[in-house]
Amino acid sequence: MKKTTDCLDKHTRKFLNEINAVVVAIDLNQSIQFLNHYGEKLLGYTFKEIYGKNWFEIFIPEEYRQELHSVFNSIRLNKNEVFNYDNYVKNKTGEMRMLRWSNNLLRDETNDICVILSVGIDISHWEEMEQSLRESEKKFRWLVESSNDAIYLLYQNKFEIINSRFQNLFGYT
């Protein structure tokens, strides 16, 4: 605890609590040493409830744990200081959220790693928007292809889309 406290002094903690992203410090035993206010809101737990508990057991869905244990160990063993990774976390109500993490190794005065400090941005809405866009594009393509009218999209003097009716009428492929 002393090493962790040294790495995350009160000024740093105050700053980290103001960030609009999940900020969590996990020690090498995978125990939670810090969770900021935004993380408390998104994950549904107070820091006091989860302090010292295993991050993976509480927040990582079982089907992803083995993979993320490997990621954690590679971060811990690698000499680089920053690592980025996307993964699902499960909050207190069971809701799954996709977070994009930036992970940083914090070292003590003897250069030993004391915690991995991770900042996670909730990108769940991006995932939902991308899926919605794919579905919309699929419907658009079906509509264009099934039309009895000749349809084309010309962009910068290049055909981007032509349907089969257009191909049959004008001979373009």
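This short presentation concerns the salt bridges in this structure. Please bear in mind throughout that the model is a predicted one.

A search of the whole structure returns 5 salt bridges. I shall discuss several of them in turn.

Let me begin with E49, which pairs with K92; their closest N and O atoms lie 2.9 Å apart. This pair connects distant parts of the chain, 43 residues apart. E49 belongs to helix 4, residues 47–50, while K92 sits in the loop between strand 3 (82–90) and strand 4 (96–107). As to exposure, E49 has a relative accessible area of 33% and is partly exposed. K92, at 43% relative accessibility, is partly exposed as well.

I turn next to the strands. Here D122 and R97 form a salt bridge, with an N to O distance of 2.8 Å. Because D122 lies in strand 5 (residues 113–122) and R97 in strand 4, the pair ties together parts that are 25 residues apart in sequence. Are these two residues, D122 and R97, buried or exposed? Both are buried. Nor does this pair stand alone: E95, R97 and D122 are linked in a network of salt bridges.

Finally, we come to a pair within one helix. E137 and R141 meet through their side chains in a salt bridge, at 3.8 Å from N to O. The two residues lie in helix 7, residues 124–146, and are 4 residues apart, about one turn of the helix. E137 is partly exposed, its relative accessible area being 43%. R141 also counts as partly exposed, with 45% relative accessibility.

Key. Residues numbered from 1 in each chain as written. Predicted model: local features only at pLDDT ≥ 70, side-chain atom pairs only at ≥ 80, totals over all residues. Heavy atoms only, no water. Salt bridge = Lys/Arg side-chain N within 4 Å of Asp/Glu carboxyl O. Buried < 20%, exposed > 50% of the residue type's maximum accessible area, 1.4 Å probe, protein only.
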